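Okay, thanks for squeezing me in. I'll put the chain up and then walk through the bits I'd like you to look at.

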Amino acid sequence: MPHRRGLVLAVGVLVFSLLLTFIGWRYASERETASAQAEFVTQAEEITSLLRERMGNHEILLKGGAALFASIQRPSPLQWRSYAEGMNLRRQFPAMVGLGYAAYVPQARLADLQLEWKESQNTLLEIVPHGDRRHYGPILMLEPKTPENVAALGFDMYAEPVRHAAMEAAMVTGQPRLSGTVQLVQDGGVPATSALLYVPVYRNGAQPLTVAAREEAMLGWVYMPFRVGTFVTSTLDDRRSDLRFTITDVTDRVPQVLYMSSPREAAAVYRHEIELQQFGRRWLFRFETPVSRSAIPAGVMRGWLLFGIVASLMLATIVFTMARTEHRAMRMAYRMTEEYRRSEERFRTTMLHSAIGKALLDSDGCIVEVNPAMGEIVGLRPAALVGVQFESLFEDHGLDVIEWLNKDAGDEAAPVLRATRRLHRAGDMARHAQLTYARVPGGVGQDVRGLVQAEDVTERILAEARVHALNRTLEARVAARTRELSQANQELESFAYSISHDLRAPLRAIDGFSRILVEKYRDALDDTGKGYLDRVRAAAGRMDELIDALLKMSRVTRTPLSPREVDMSRLAEEVLEEFAAGDPEHRPERVVEPGLTAWGDPALLRNMLSNLLGNAWKFTRGKPGARIEFRATRLPTGRVEFHVKDNGAGFPQKHVEKLFRPFQRLHGQDEFAGHGIGLASVKRIIERHGGSIRAEGRVGEGASFHFALPPGEGTSTPAS
């Protein structure tokens, strides 16, 4: 009976032990699998977070460039180069090909842009690809000045569909936008997966509220071309070389692979996908763990199962033989305790080997345990931090950790809190840390009430401070330029005063003494002498007229504007009537479109129309069937363009650049009288109102002048 009871008991113990061993083996296997998969997902999310953060740094860089345009109407290439060099692009952003600016140019402004480029750069700006388009987006500035970047200047990105889509989205939304995959001009014919990030730049630096207003105020884009492969490798710094992943752009109908760390394999232990939405694009990250990196050692798990079976047999044998094996049983219990302790250590492995600083806190806010990453952030060994009050590590005041940790689970306190605080680093300058507080129920054998994660964000905050400092520097430069402009205006007024008073007195003396000489000594002079005196008086009168014209042009730039709604049709009719009254022999056909209005200074606009219509009146004199027109049309951009046309003498189109320069004349004084000041005054008046003017002409067929003024309150426009 004792033998049978021992046998039954041994069999029962054996069955129970085998069952317990199988359950324990199954539980340990599932736990290890879950732990390995959680670590894999954490690594995948960490990679995605690093790439998102690096892309955010690129956004900050581009917005700093856009802020440069907000403080300076159009930065010079030297100022743009200074900004790029100050950002240390090659070291901070190794994936960037360059930092550039592309202008938003309507077709009507393309010739002016090329003229400005030629005057400032002494070279011809070639727009590539060629062809007529409504709008252009040529690259005007690109740093650093490598041969590849210099060759890309003038490339019209707005003409390429993928770039056009991103540029259009940035302009319409007012937000940074990322393009799809493109082949950079700098890469030539070498295949490379690249993309571009655009930030819109609006006039005066303010973002308009409506889409139409944004298109109207659009100046261009600050953009950044970068190679995707270099961007990923430089961001991760090979820290995840054993983790395979692929980045695919799934924004469009046809997905495009942007980056592949290594060729995909059919066999993988774990797979995980993360979709990142940023700057208008959707990037899909597919992560997988190769079989060689399996976190579950199959041999060890089989060894655990075999050990359990053997232990069960041994326990059954011990029970069956009724041997007094208390000592052996204690030893077996001890071995099982050791296995449990090692199992607990595995739970802490994730925290200890994490790249993010972590600290466990007790109910008094003291540190129970920290990982090495937290010690690196603080500048002390992890052992030296145990028992230290967590709040003593910071120089500023923040969350009352003790009160928050000791709140009951049912309280309304947030389970997770985030804050940025200034941390005192031992033997070094203060660091800024991004903290994430989380409450936990507690730990085994310890009073663990909270977990704190810390990330060092000092470099990011310092970069933001540098951007703010640069903005303040730019404001000081603008103030200095304003003072210089005021001094220049004062010198201009002094110059005008000198012309008005100092030059007129000698002219009056020349004219007066010449007139007296003619009147009193006419009989003593022969015809040649009289002719000389007449020429002297005529030259003095001509000089007096030139001084009057120069003073009028000076007053145009110095007179303060008093804008209001002006009836342009009525103004044109009044000017033409004045010309007809003063020159009754010349009767051209006059066509004035009714109902045209504009927003501007009435006196200056009348001066402008007097010059334009006066030229048309003068150059049609003696022309059979002479005709003068004043009309307006609506441009595709929505602005109104006025037209002054005639069929008079005209001018060569190749000399159109000389028309608006002071004292530049395309006809001789004996053909048509004038001073060469009128069109220069017209251009200055229109530019003071924020408008633009252009001219077209042919010799013997007439001339046409087209000018546009910004719309104002209550202005009416033609239907077409």
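**Helices first, then sheets, then odd backbone spots**

Let's start at the helix pair H17 and H18, that is residues 602–619 and residues 678–688. Their axes come within 9 Å and cross at roughly 145°. This is a predicted model, by the way, so keep that in mind throughout. The crossing of H17 past H18 is left-handed. If you want to click on the residues that touch, take Leu604, Asn607, Met608, Asn611, Leu612 and Asn615 on the H17 side, and on the H18 side Gly678, Leu679, Ser681, Val682, Ile685, Ile686 and Arg688. Sorted by class, the contact between H17 and H18 has seven nonpolar, five polar and one charged residues.

Now, H17 has another partner. Helix H16, residues 568–582, also has its axis within 9 Å of the H17 axis, and the two cross at roughly 50°. That angle makes H16 oblique to H17. Which hand does the crossing of H16 and H17 have? Right-handed. The contact residues from H16 include Met568, Leu571, Ala572, Val575 and Phe579, and from H17 they include Pro602, Leu605, Met608, Leu609, Leu613 and Trp617. The class count for H16 with H17 is 13 nonpolar, two polar and three charged residues. Met608 is worth a click, as it shows up in the contact with H16 and also in the one with H18.

Zooming out for a second: the chain has 18 helices and 23 strands. Of its 720 residues, 39% count as buried. And if you take contacts with a separation of 6 or more, 64% of them are between residues 24 or more positions apart.

On to the sheets. There's an open one of five strands, in the order E13-E12-E16-E15-E14, with antiparallel pairing. E13, which is 367–370, and E14 sit at the edges with a single partner strand each, so each has one side without a neighbour in the sheet. On average, neighbouring strands here are turned by 25° against each other, ignoring direction.

Let's go across that sheet. At the E13 end, strand E12, residues 357–361, is joined to E13 by three antiparallel bridges, and Leu361 has Ile367 as its bridge partner in E13. At the other end, E14 covers residues 416–423 and E15 covers residues 431–439, and eight bridges hold that antiparallel pair. Val416, for instance, is partnered with Ala438 in E15. E15 then has seven bridges to E16, residues 450–456, again antiparallel. There you can find Ala433 opposite Asp456.

The other open sheet I want to show has four strands, ordered E9-E8-E11-E10, and the pairing is antiparallel. Which strands are at the edges? Strand E9, at 256–260, and strand E10, at 271–278, and each pairs on one side only. The average turn between neighbouring strands is 20° in this sheet, direction ignored. In the middle, strand E8 (residues 244–249) and strand E11 (residues 281–288) run antiparallel with six bridges, and Arg244 has Glu288 as its partner in E11. Helix H8, residues 228–236, packs on this sheet and touches E8 and E9, with its direction at about 35° to that of E9.

While we're at this sheet, look at Phe279, in the loop between E10 and E11. Its phi is positive, about 55°, although Phe279 is not a glycine. Is this residue buried or exposed? Buried, because its relative accessible area is 11% and the cut-off is under 20%. Compare Asn204, in the loop between strand E6 (194–202) and helix H7 (211–217). Phi of Asn204 is near 70°, so another positive value in a residue other than glycine. Asn204 has 68% relative accessibility, though, and counts as exposed.

Last stop, the cis peptides. Strand E4, residues 139–143, has five of its five residues buried. It pairs antiparallel with strand E1, residues 99–103, over four bridges, and Leu99 stands opposite Glu143. Glu143 is then joined to Pro144 by a cis peptide bond, with omega about 0°. Pro144 is in the loop between E4 and helix H5 (147–152). There's also a cis bond between Val128 and Pro129, again with omega about 0°, and Pro129 is in the loop between helix H4 (110–121) and strand E3 (135–136).

That's my tour, thanks for listening.

Methods: Residues numbered from 1 in each chain as written. Predicted model: local features only at pLDDT ≥ 70, side-chain atom pairs only at ≥ 80, totals over all residues. Heavy atoms only, no water. Pairing = 2+ DSSP bridges. Axes fitted to C-alpha atoms, helices over the stretch in contact; angles between N-to-C directions. Parallel < 35°, antiparallel > 145°, perpendicular 65-115°, else oblique. Left-handed = near helix turned anticlockwise from the far one by under 90°. Contact = heavy atoms within 4.5 Å. Nonpolar A, V, L, I, M, F, W, Y, C, P; charged D, E, K, R; others polar. Buried < 20%, exposed > 50% of the residue type's maximum accessible area, 1.4 Å probe, protein only.
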